[in-house]
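Reader: Please walk me through this model at the bench level. Keep the answers short.

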Amino acid sequence: MSTSDGQSAAAAPVVDPDPYAVLQLGMRIGDELLAAGMSANDVVLFILKVTQAYGLTGVHVDVTYTAISASYLPDPDRPPVTAIRIVRPTEVDYTRVRRLLRLVKQIERGLPLPEARAALQRIRSAPHPYPRWIALVGNAGVGPAVSLLFTTNWKVLALSFASGLVVDVLIDWFDRRRVPPFFRQFFAAGFITLVAAGITHAGRQGVAFFVGLDPTLIVVGGIVMLLAGVMMVGAVQDAIDQFYVTASARVLEVFLRTGGIVAGIVSALALAQYLGVPLSISAEPFHPSPPEARFVAVGLIATMYAISVYADLVTILLSATMALIGWAVFTEAVRLEVATVPANALAALIPAVLTALIVRRTQVPGFGLITAAVLPLVPGLAIYRGLLQLVGPEPGSGDPSAAGSTLLLALGIAVGIGAGASLGTYLGRPIAATVRRITFRSRRRP
């Protein structure tokens, strides 16, 4: 999907800018934002803000998930200036994203092109705000935080954190060797499932530490940890914004990564059955933790996720706040007996609207706040239960009908979360613009 801009520049343009250099500057910024998970429509808008600030009007930008192209026609009698940039996956760094958003704001205020290019180079080459091991611990902390939604047993939480830390190190090792995402998810999910099977076997053998523990919650926390990086929200938003190529690519990546998780769990379950240590299926739903513990868990999930993507302190605090607001909306919707899918959609919609109001002043990555807010809603438990129902505790004992219903519910929840977040962003933008105009007028009046 393509977007064009023909408005006049709001800030004073640089005299005789090099069109190709301006396009390259805008696309380099867009490259970083798209790789970090920002929606294609927002990426286009930020690129157009850069080109407009330097006096380039009528710029045409096209985003196709793996590439960004921009074209500028300086005169009808002259050939267009066109630039293309390939988008390559990079490690997500929300502190870098926030600095980029600040840079775009400075460009709109008249920052000269050479200074903007130098500032961009400094941002791209700057180290992460804290060491890699802290981000690894943050990502591993998502698992026990999810488990806290269902249990306060410290043994389960400790085992979930330990297995998550090993999985995170394993994935980091795969990343450095450029192993495809499908196989990373496959081995990670398989390892978590085998750990759960080992805990089950140890408990049956009478090992005191493992007696009475339910390893299912360890797997559920691991699934959510692996799903934390998927881009379902961005995919739904791209589809609604009519960036169909980008949306299709993101949806395909989501299904590919989820397929790796499914294959890993199924293979590990089969291996566990072959070794004589099968996991058992509980037909009864899990009893949730006390409400206070669940709110603590939600705050920890968002905080740990924000730490794993190198967010600064402000972004971490706002992420936790948005997650708590979303969970409060979800809890109230459930209390009012709202159906599961609409309740999750509402829980994603309200934080998205509030995020649209916040990012105008803070330059905090809005898509990051929304991701953190919806992460506690990810249907990891439904996915795991559906897979266990499909495979069965023993060969040939699966229940495809029940599994299909459970997995369909999980898919409905995921789509509801994505639609709610996208609708909230769509509704929040005009509200934020109206608030901005009112504030600007009130400042001019004195």
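What follows is a set of questions and answers on salt bridges, empty space, burial and backbone angles.

Author: This is a predicted model, in which local features need pLDDT of at least 70, side-chain atom pairs count only at pLDDT 80 or more, and totals for chains, interfaces and linings use all residues. Residues are numbered from 1 along each chain as its sequence is written, and side-chain values use heavy atoms, with hydrogens and water left out.

Reader: How many salt bridges does the structure hold?

Author: A salt bridge is a side-chain nitrogen of Lys or Arg within 4 Å of a carboxyl oxygen of Asp or Glu. By that rule, the structure holds 11.

Reader: Arg132 forms a salt bridge with which residue?

Author: The closest N and O atoms of the pair are 2.7 Å apart. The pair links distant parts of the chain, 41 residues apart: Arg132 is in helix H5 (residues 132–147), and its partner is in the loop between strand E4 (81–86) and H3. Helices (H or I, at least four residues) and strands (E, at least two) are DSSP runs, numbered from the N terminus. The partner of Arg132 is Glu91.

Reader: Are Arg132 and Glu91 buried or exposed, or in between?

Author: Buried means under 20% relative accessible area, exposed over 50%, and partly exposed in between (1.4 Å probe, protein chains only). Arg132 has a relative accessible area of 30%. Glu91 has 36%. So Arg132 is partly exposed, and Glu91 is also partly exposed.

Reader: Which residues are linked with Glu91 in a network of salt bridges?

Author: Arg132 belongs to this network. The other residues linked with Glu91 and Arg132 are Asp172 and Arg176.

Reader: Where does the salt bridge of Arg98 lead?

Author: The closest N and O atoms are 2.7 Å apart. This pair links distant parts of the chain, 214 residues apart, with Arg98 in helix H3 and its partner in the loop between H11 and H12. Arg98 counts as buried because its relative accessibility is 8%. Its partner is Asp312.

Reader: What separates Glu108 and Lys105 along helix H3?

Author: These two form a salt bridge, with the closest N and O atoms 4.0 Å apart. Glu108 is partly exposed at 27% relative accessibility, whereas Lys105 is buried at 17%. An α-helix has 3.6 residues a turn, so residues three or four places apart point the same way. Glu108 and Lys105 are 3 residues apart, about one turn of the helix.

Reader: What is the volume of the second largest cavity, and which residues line it?

Author: On a 1 Å grid over the protein atoms alone, a cavity is a set of points where a 1.4 Å probe fits but cannot get out; lining residues have an atom within 4 Å of a point. The structure holds 5 cavities of 30 Å³ or more. The lining of the second largest divides into 3 nonpolar, 1 polar and 4 charged residues. Its volume is about 50 Å³, and its lining is Glu32, Ala36, Thr90, Glu91, Val92, Asp93, Arg96 and Val97.

Reader: Which helix gives the most to the lining of the second largest pocket?

Author: A pocket is an open set of points with protein on both sides within 12 Å along at least five of seven lines. The second largest holds about 850 Å³ of space; of its 32 lining residues, the closest to its centre are Phe150, Arg294, Phe330, Thr340 and Leu381. By class, the lining has 24 nonpolar, 6 polar and 2 charged residues. The top contributor, with 5 residues, is H15.

Reader: How many residues of helix H14 are buried?

Author: Helix H14 covers residues 366–374. Its buried residues include Phe367, Leu369 and Ile370. The helix is largely enclosed by the rest of the structure, because the buried count is 9 of the 9.

Reader: Is Tyr310 buried or exposed?

Author: Tyr310 is found in the loop between H11 and H12. Its phi is near 60°, a positive value in a residue other than glycine. Its relative accessible area is 0%, so Tyr310 is buried.

Reader: And is Arg178 buried or exposed?

Author: Arg178 is found in the loop between helix H6 (154–176) and helix H7 (181–204). Its phi is near 55°, also positive. Its relative accessible area is 76%, so Arg178 is exposed.

Definitions and conventions. Points joined across faces, edges and corners; volume = space filled by probe spheres on them. Nonpolar A, V, L, I, M, F, W, Y, C, P; charged D, E, K, R; others polar.
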